[in-house]
Amino acid sequence: MHYMVGKPLSDIETPALVLDADLLEHNIEKMAAFARNQGVNLRPHAKTHKCAMLAHLQIKAGAIGITCAKLSEAEAMAHAGIRDILIANQVVAPEKIERLVGLSRYSDVKVAVDNPDNARTISEAAQRRGQVIKVLIERDIGMGRCGTRNLEETLRLADMIVKLPGLEMAGLMGYEGHTVFLTPFREKEEQCLKAIGVLVETKEALNSAGFKTEIVSSGGTGTYNITGLNKNITELQVGSYSTMDLKYREVGLDFHLALTVLGTVISRPDRQTVILDVGMKGITREFGLPVAKGLEGATVRALPEEHCILELSAGNTSPAVGDRVELYPTHGCTTFNLYDNIHVCRGGIVEAVWPVTARGAMH
Ligand SMILES: Cc1ncc(COP(=O)(O)O)c(C=O)c1O
């Protein structure tokens, strides 16, 4: 793959994942500047890109560390030299807890908990290995996924955590994922503030009861400029902003679309139809069909396994068989994981090839 460096986009073997370096850098700096100006820490969610090099760029721009969705993702990032990692998810199976404790020797890893049995199992494993694991209580703030469901349960869990040897209560996390795509902005703001209100209320109740919450983490790309304004929030765990996608563009987020999937035209069966060599195995259709970059009026009609069927607007005759076409994905997170490598381009020339370090790391 590295033999591609210095070559034009048109020489890349397709399907291929492509990142525009200028746009990526713009996005990274825009979020970093927001965090700096607001005095909130940035801990980007690396599940979006699963790429250690990109995580290093985010840290270079000021992020304090990264967030991961899975233990194996955290392991891959730690192996790539990233120290400060929050696993914003539950690690429950005994063998995984052993790995978590092992990882804590080599990195500053923190993990979310929402369950007393899980806290006890982590405590026992940590004690056996003479380690202390930092935990954040996850509070459900309206999404209905993981997280404690009420204050009483949260306080009980905190009381247990501070008493268990081998655990350190590092703080609190929530995720207002049910609000990130809401429109118009006023509706999103209202729902997001409601969700963050639950987190703040939980933090205050914990503090009043004598429990420390050094970290209070929340936030998605769709809500960074609402959640990030609340002075109780110490960290933002935003993910998609660095590379962006069509779904976030559709709801008005003004980061640049830095990520595309490059395909080649393999057939022009009639004047209006273009067939590309990239289907749903090469680009997500999670939030709908992709859009072709720079092809005015063209519409993706279907995305079977290995083909993209594009319909051109009347009068349009290009592209021809063999030409390259870039597609914008509707969701970056479920597209990155389809590739081993990212072709990083500047001005249409491949500048670097970065491995998708934690590709497939879902264990
Ligand atoms: C726990 C958690 N935190 C943060 C995010 C941030 O995501 P994004 O910025 O891509 O919306 C996600 C996305 O799913 C998530 O699950």
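## Domains

The protein splits into two domains. Domain 1 is built from two segments, 2–16 and 254–355. Domain 2 covers 22–243. The model is predicted.

Taken over C-alpha atoms, the centres of domain 1 and domain 2 lie 33 Å apart. Domain 1 gives eleven residues to the contact, and domain 2 gives 17 residues. On the domain 1 side, helix 10 (333–336) and strand 16 (341–346) are the elements that supply two or more residues. That side of domain 1 has seven nonpolar, three polar and one charged residues.

## Helix 5

Helix 5 runs over residues 116–128. Its length fits the expected rise: 13 residues at 1.5 Å a residue should span 18 Å, and the end C-alpha atoms are 18 Å apart, so the two agree. Just after helix 5 comes Gly130, with a positive phi of about 65°.

Which residues of helix 5 are buried? They are Ala119, Ile122, Ser123, Ala125 and Ala126. In an α-helix, residues three or four places apart point the same way, because there are 3.6 residues a turn. The buried residues of helix 5 pack against two helices and three strands: helix 4 (94–104), helix 6 (151–163), strand 5 (108–113), strand 6 (133–138) and strand 7 (167–173).

## Ligand shell

The ligand has 13 residues around it. Tyr175, Gly220, Thr221, Gly239 and Ser240 come nearest. By class, the shell holds nine polar and four nonpolar residues. No charged residue belongs to the shell.

Notes: Residues numbered from 1 in each chain as written. Predicted model: local features only at pLDDT ≥ 70, side-chain atom pairs only at ≥ 80, totals over all residues. Near = placed C-beta within 6 Å. Nonpolar A, V, L, I, M, F, W, Y, C, P; charged D, E, K, R; others polar. Helix = DSSP H or I, 4+ residues; strand = E, 2+ residues; numbered from the N terminus. Expected span 1.5 Å × (residues − 1). Buried ≥ 20, exposed ≤ 12 C-beta atoms within 10 Å, placed from the backbone. Contact = placed C-beta atoms within 7 Å. Domains from an automatic or database assignment.
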